[in-house]
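Student: Hey, can you walk me through this one? I'm new to it and don't know where to start.
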Amino acid sequence: MPSGLLRAAFLRTLQDFPILAGRLMVDSDGRGSIVVDKENLNMPEYIESRGCVHYRFLEAAKFNWEAVPHKVPTVGVIPSRSSDGCIKMVNVHALRLRSNSGLVLFVNMPHCVVDGVGYSEFVNRWAEVCRWLQDGAASELPHRTYAFDRAIIDRAMPENMSPLNVPMRRAYACKSYLGRFLAWLSPEARGDLLTEGCKLSSTVGHVFYVPRQALEQLRSQLMAKRPQGQQQQRRLSDNDMLTALAGHVVSKSICDTEDREQRGALGTVARAAMRAMLGSCADEIMILMTADIRPRLRGLAQTQYIGGGITCLPIFHSLRALAEESGSQLGAACARVRQTVDTWHSGVISRIDHTLNSDPTSFGHALAQVLLHPHSMIITNQTRFPLYASDFGAGAPQWISPLPSFLPSFASVLPQHPGSAGYHVYISVERRLMSAILKNPLWSSLSSLVY
């Protein structure tokens with residue numbers, strides 16, 4: 001599609017998503033919100049460029065980022081200020097490939113404005129408007145309704161709140177000086193600080209392919225090894241197993257790397273000192289599973305709310321136990337994932353929401369718990385996001401890609417590719433850990449490296 005048409009469709013789509021032209025503001029009480037001022041819009045960053053790589057070369061490289069010499073991402077993982085000093089609600093980079101053979105489209109939105117649901121809605125609406133303009137706008141553009149007001153979530157919260165379990169309290173209710181400091185900073189200063197912090201670790205990301213058949217065989221093995229009285233319990237889902245596998249892979253890479261780096265007397269002293277400083281945290285991993293609250297709150301899914309509707313479910317595992325390759329340990333990890341999801345209901349969601357909103361510094365404390373824990377990991381499942389349906393007029397996307405590197409300990413099950421009989425799993429860790437992941441026997445037997 002012509003560049004002018006693509007940009008025109010983008011600007012038309014913004015009319016349906018006015019919040020994306022807003023500014024992240026903090027009031028006198030320290031509470032953040034996105035404010036849209038018609039007289040002072042925070043217009044998105046929209047960049048166009050041309051690359052020297054042909055689409056065929058990129059396709060042959062399985063869409064590996066290293067095949068594109070031109071830097072495509074214009075922002076990093078953490079929302080940070082742009083050239084005008086503001087955090088943009090949308091950053092777009094449209095890269096034309098050589099001989100106009102294809103288009104690489106980078107679209108970034110911070111989680112403070114939308115989550116994966118809202119992101120998918122925006123991209124698909126942009127594609128729909130682009131097709132409509134390409135057809136000459138001969139017919140009426142289909143009307144879509146989107147809701148952004150956070151009060152919609154407040155109305156959906158039940159009055160009766162359930163108490164938080166120990167992992168939830170550790171993740172959401174613990175206070176720290178770092179948390180107060182992070183909350184005190186402006187959004188721009190906080191973004192700058194966290195961005196610089198991410199640069200301190202050499203992070204690398206890889207995409208792996210896990211066939212459904214391999215998962216099915218593993219499921220049968222794990223179910224067979226359950227105790228006799230538990231074999232009739234609820235079937236393990238693919239998400240249960242992929243989450244537990246990602247946790248195992250990262251845990252084993254940490255253990256293998258630490259064992260290799262802390263050999264000898266000096267290593268023993270270093271390990272003892274680490275345990276003395278960190279206590280039980282030194283021997284555990286904190287896994288945060290992202291989860292959508294919309295299906296759990298009555299009526300919320302019908303409101304078309306596309307703002308931030310994601311929360312994190314914490315699981316604390318013994319690092320060494322999760323690193324074991326035995327079927328019993330992996331089966332126990334799968335069961336804990338299933339149990340955590342099953343016990344997450346509207347009353348718990350309401351309590352988390354109350355905890356985070358009762359004090360304007362609460363979000364800073366929750367963020368600090370992740371930063372302060374020596375072994376924390378975020379896992380997200382994006383398979384249900386319909387990004388492969390975003391046809392801009394030249395057909396469906398050939399590949400939906402993550403960033404070349406993300407957070408130092410992150411895993412994501414990518415959007416479901418229409419031609420795939422399995423799952424693409426993205427893992428981003430410190431470079432020193434990735435070599436251990438690539439050698440993991442269990443992971444190597446279940447997956448193949450894409451790039």
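**Helix packing and empty spaces**

Tutor: Sure, and keep in mind that this is a predicted model. Let's begin with a pair of helices: H9 and H12 cross in a right-handed way.

Student: Okay, at what angle do H9 and H12 pack, and how far apart are their axes?

Tutor: The angle is about 125°, and the axes are 8 Å apart. H9 covers residues 238-261, while H12 covers residues 327-342.

Student: What do you call H9 relative to H12, then?

Tutor: Oblique, because an angle of about 125° falls outside the ranges for roughly parallel, roughly perpendicular and roughly antiparallel.

Student: Which residues meet there?

Tutor: From H9 you have Asp240, Met241, Thr243, Ala244, Leu245 and His248. On the H12 side they meet Leu330, Ala333, Cys334, Val337 and Arg338. By class, that contact has seven nonpolar, two polar and two charged residues.

Student: Switching topic: how many cavities of 30 Å³ or more are there?

Tutor: The structure has two of them. The largest holds about 70 Å³ of space, and the second largest has a volume of about 30 Å³.

Student: What lines the second largest one?

Tutor: Thr243, Ala244, Ile287, Ile315, His317, Leu322, Ala333 and Val337. The elements giving two or more residues to this lining are H9, H12 and strand E8, which spans 310-318.

Student: Wait, which of those residues did we meet in the helix contact?

Tutor: Thr243 and Ala244 from H9, plus Ala333 and Val337 from H12, are in that contact, and these four also line the second largest cavity.

Student: How does that lining split by class?

Tutor: Six nonpolar, two polar and no charged residues.

Student: And what's around the largest cavity?

Tutor: Its lining includes Val75, Gly76, Ile78 and Pro79, then Ser80, Arg81 and Ser82. Ile87, Lys88, Asn91, Asn108 and Pro110 line the largest cavity too. That lining has five nonpolar, five polar and two charged residues.

Student: What about pockets? What's the volume of the second largest pocket?

Tutor: About 590 Å³. It is lined by 22 residues, and the closest to its centre are Lys71, Val75, Gly76, Val77 and Ser405.

Student: Which of those central ones came up at the largest cavity?

Tutor: Val75 and Gly76, which line the largest cavity and are also among the residues closest to the centre of this pocket.

Student: Last one: what classes make up the pocket lining?

Tutor: Eleven nonpolar, eight polar and three charged residues line the second largest pocket.

Terms used
Residues are numbered from 1 along each chain as its sequence is written. This is a predicted model: local features need pLDDT of at least 70, side-chain atom pairs count only at pLDDT 80 or more; totals for chains, interfaces and linings use all residues. Side-chain values use heavy atoms; hydrogens and water are left out. Axes are lines fitted to C-alpha atoms, for helices over the stretch in contact, and angles run from 0 to 180 degrees between N-to-C directions. Helices (H or I, at least four residues) and strands (E, at least two) are DSSP runs, numbered from the N terminus. A crossing is left-handed if the near helix is turned anticlockwise from the far one by less than a right angle, and right-handed if clockwise. Contact means heavy atoms within 4.5 Å. Ala, Val, Leu, Ile, Met, Phe, Trp, Tyr, Cys and Pro count as nonpolar, Asp, Glu, Lys and Arg as charged, and the others, Gly among them, as polar. On a 1 Å grid over the protein atoms alone, a cavity is a set of points where a 1.4 Å probe fits but cannot get out, and a pocket is an open set with protein on both sides within 12 Å along at least five of seven lines; lining residues have an atom within 4 Å of a point. Grid points are joined across faces, edges and corners, and a volume is the space filled by probe spheres set on the points.
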